[in-house]
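Student: I would like to go through some of the labels used for a protein structure and ask what stands behind each one.

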Amino acid sequence: MQMYKSKRKKRYDSLDWFRLAAAALVVAIHTSPLADVSADADFFLTRVLARIAVPFFFMVTGQFVTAGFADRRAGGMPAYLKKIAVLYGISILFYLPLGVYAGHYKEISFADVLRMLVFDGTFYHLWYFPACITGVLLVYGMCRFLKEPQRLVLAAVLYGIGLFGDSYYGLAERVPAVMELYEAGFSVFSYTRNGIFFAPLFLLFGAWAGESRLKDVRILWAGLCVSFVAMCEEAFLLRHFELQKHDSMYVLLPVVMFFLYKILLESSFTLKSRKSALQTKLAVTASTWIYILHPAVIVAVRGAAKVAKVKALADNSLVHYFAVLLLSAAVSYALAFFFMYFHKKSRRKKAGEHQDSGSRQVRTQDRRARAWLELDRGALRHNVNALRERLPDFCRLMAAVKADAYGHGAVLIARLLQEEGVDAFCVACVKEGVQLRKKGIQGMILVLGYTHPQQFALLEHYRLTQTVIDHAYAVQLNAYGGTLHVHIGIDTGMHRLGVRSSCLEEVVNIYQMEHLAVDGLFTHLCVSDAVTEPGRSYTNAQAQAFYRLIRQLEQQGYSPACIHMQASYGVLNYPELAGDYARVGIALYGVLSTKEDMSRWHGLLQPVLSMKTRVATVKMLYQGESAGYGIRFTAKQDMKIATLAAGYADGIPRMLSEGVGSVLIRGCRAPVVGRICMDQITVDVSAVPHVEAGDEAVLIGRCGDLEISACDMAAQAGTITNEILSRMGARLERIVV
């Protein structure tokens, strides 16, 4: 069977890497690389092409910071503003000596200080930071009081006002009354390229581009080419007629930026490995430092050229540019690596202190630790990498963290997975998704199950993606009125949830619904765990039905966006069916549903979870005495029993009562005697030497040379590991080791 490669890949990696190109263009603005080649060429590079750089940075902020303002919440605004303010403060202090040396602060008034801090920046390139702060606050205010069309109109009006104080200033000069207004404005700020007139439109455009349904890359490229050529003509005409005051703003610049940004979103490449994710983070951080540091590097390169008497470093514009760019990049990457290394080391140290404390409490028999789960971070990392290796590069993991991450702890597991580069999650219900968002989990969160219409507002508020379970449900979602992001479930043979794959008209109609943003299409393989010929035949038939629907949609001009069909067993048994995502659940946690399956894939996965409890008491049970409810167990001889501080309320099946199940204590096996209670278990410890209250008892996991796996427990209880793990009680403490 041929693997179906979706046309849509990871959305954000191209944005992150384009930051470096944008930073290089900002350096070009301040070094004029082509000045010695041609004045026209340098004007094109620095005053036309390079003008896309700063709007691009604003649009990224718009998509990832301001996009949530429309639902009346600040989202990540406080953290973002704090970050920008800190960077601005560091930059001010860094450039203060250079500004003093250059004479920028001679005879400066209090009003001048305010102007520089709030609008212009204390050094010529630092205007970007106050513009970010002002623009974000202004957009938040717009979202609080205006509807989307009104916000865009107001931002466009502000941008238009800015145009006549910038590239079209020569026209404003011809109207005395208008000129007086601009002169009054220029007494407060030096340029209209600031947080009031320039930033808001691009911030809103970033959010809008992220939501826009225009996805045809051919149309986007055509729009970019036409609009950019027109903007070049606009720029050169303005230059010819000498109308500019400061050529940062063009009528066609927002149009160019919209098409460029959408191309970066829709033509994005995928970086899914942990190493690639780290490289991307370095690139993002380095681009920020290139922006901040390059003016200082310009001064340093000119000084070095003078000292070393290498005139080309300062006098040859192209050599000077590359010297500044390369040195800025080298220093910035060093700083990025330094900060990321020590941030990660500090975070690990804090986590380690917490984990060591938890482990120490266990080792010293802290009576407060009644029962707990130990989660092996290394095993989770191993499983992530093992599953990734079975998939092609373009397919990413979507971690199933429903049912509290199969009992492991959804928030804790999601945080660990984010550190491994996993940025997509699926849950069973909206409540689970909300919990993740409230705890700071980013990325896509797909709700696989039904959400009541009265909870649709939660989908929008917490940026959750809802599964369309059938056409009638799509109508209900669309009737909500606000834009909801959805993946359409396709029924290819499981007959549980989803639109039938044969109902093309219904799927097309869902794509056409005004208030639904269809981001994906998926199906579920119901016998992918089977390796028999009937199972393989049925799975392949499901896949073909899914692919056939995708081809039909594409023929009608509808992009399937991202697609996914594999779950854990699909990754193991059918890696060739990879789409953009693989929804991995039970395998991610190092186990499979049955012991037979684990034997078949022996060595590939490592169990993440161990379940442990305490010995509460140890006592003698004499011959003829009974123990537990219903006096179901009677001692045939004198024996020693121990009561453990865990029971069926913690997820231990009652089916393990009366000798069916056992636990491990001090490297020995202790069978269960009597019935398992809600909060206690009684076990026979006659053969366990030196057992005493406070000892550790292993319910799932390894103790000495012995092991009880989740598969063992499931087999004894007559069920599957999925059920055993997902029933682990919320009152169990979860400790990462």
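Tutor: The talk below sets values against definitions.

Tutor: This is a predicted model, where local features need pLDDT of at least 70 and side-chain atom pairs count only at pLDDT 80 or more, while totals for chains, interfaces and linings use all residues. Residues are numbered from 1 along each chain as its sequence is written, and side-chain values use heavy atoms, with hydrogens and water left out.

Student: What makes the contact of K595 and D712 a salt bridge?

Tutor: The term requires a side-chain nitrogen of Lys or Arg within 4 Å of a carboxyl oxygen of Asp or Glu. For K595 and D712 the N to O distance is 2.5 Å, so the pair meets the definition. K595 lies in helix α25 (residues 595–600) and D712 in helix α26 (residues 710–717), so the pair ties together parts that are 117 residues apart in sequence. A helix here is a DSSP run (H or I, at least four residues), numbered from the N terminus.

Student: Why is D712 called buried?

Tutor: Buried means under 20% relative accessible area, exposed over 50%, and partly exposed in between (1.4 Å probe, protein chains only). D712 has 16% relative accessibility, so it counts as buried. Its partner K595 has 42%, so K595 is partly exposed.

Student: How do you know that D695 and R666 form a salt bridge?

Tutor: Their closest N and O atoms are 2.7 Å apart, and that value is within the cut-off, so the name applies. D695 is buried because its relative accessible area is 4%, whereas R666, at 41%, counts as partly exposed.

Student: What makes R19 and D16 a salt bridge?

Tutor: The closest N and O atoms of R19 and D16 are 3.6 Å apart, so this pair also satisfies the definition. R19 and D16 both lie in helix α1 (residues 13–29), three residues apart, about one turn of the helix. Both residues are buried.

Student: Why is the lining of the largest cavity described as having eight nonpolar, one polar and no charged residues?

Tutor: Ala, Val, Leu, Ile, Met, Phe, Trp, Tyr, Cys and Pro count as nonpolar, Asp, Glu, Lys and Arg as charged, and the others, Gly among them, as polar. The lining consists of I652, L656, S662, V663, V672, I676, I681, L699 and M713. S662 falls among the others, so it counts as polar.

How values were computed:
1 Å grid on protein atoms, 1.4 Å probe; cavity = no way out; pocket = protein on both sides within 12 Å on 5 of 7 lines; lining within 4 Å. Helix = DSSP H or I, 4+ residues; strand = E, 2+ residues; numbered from the N terminus.
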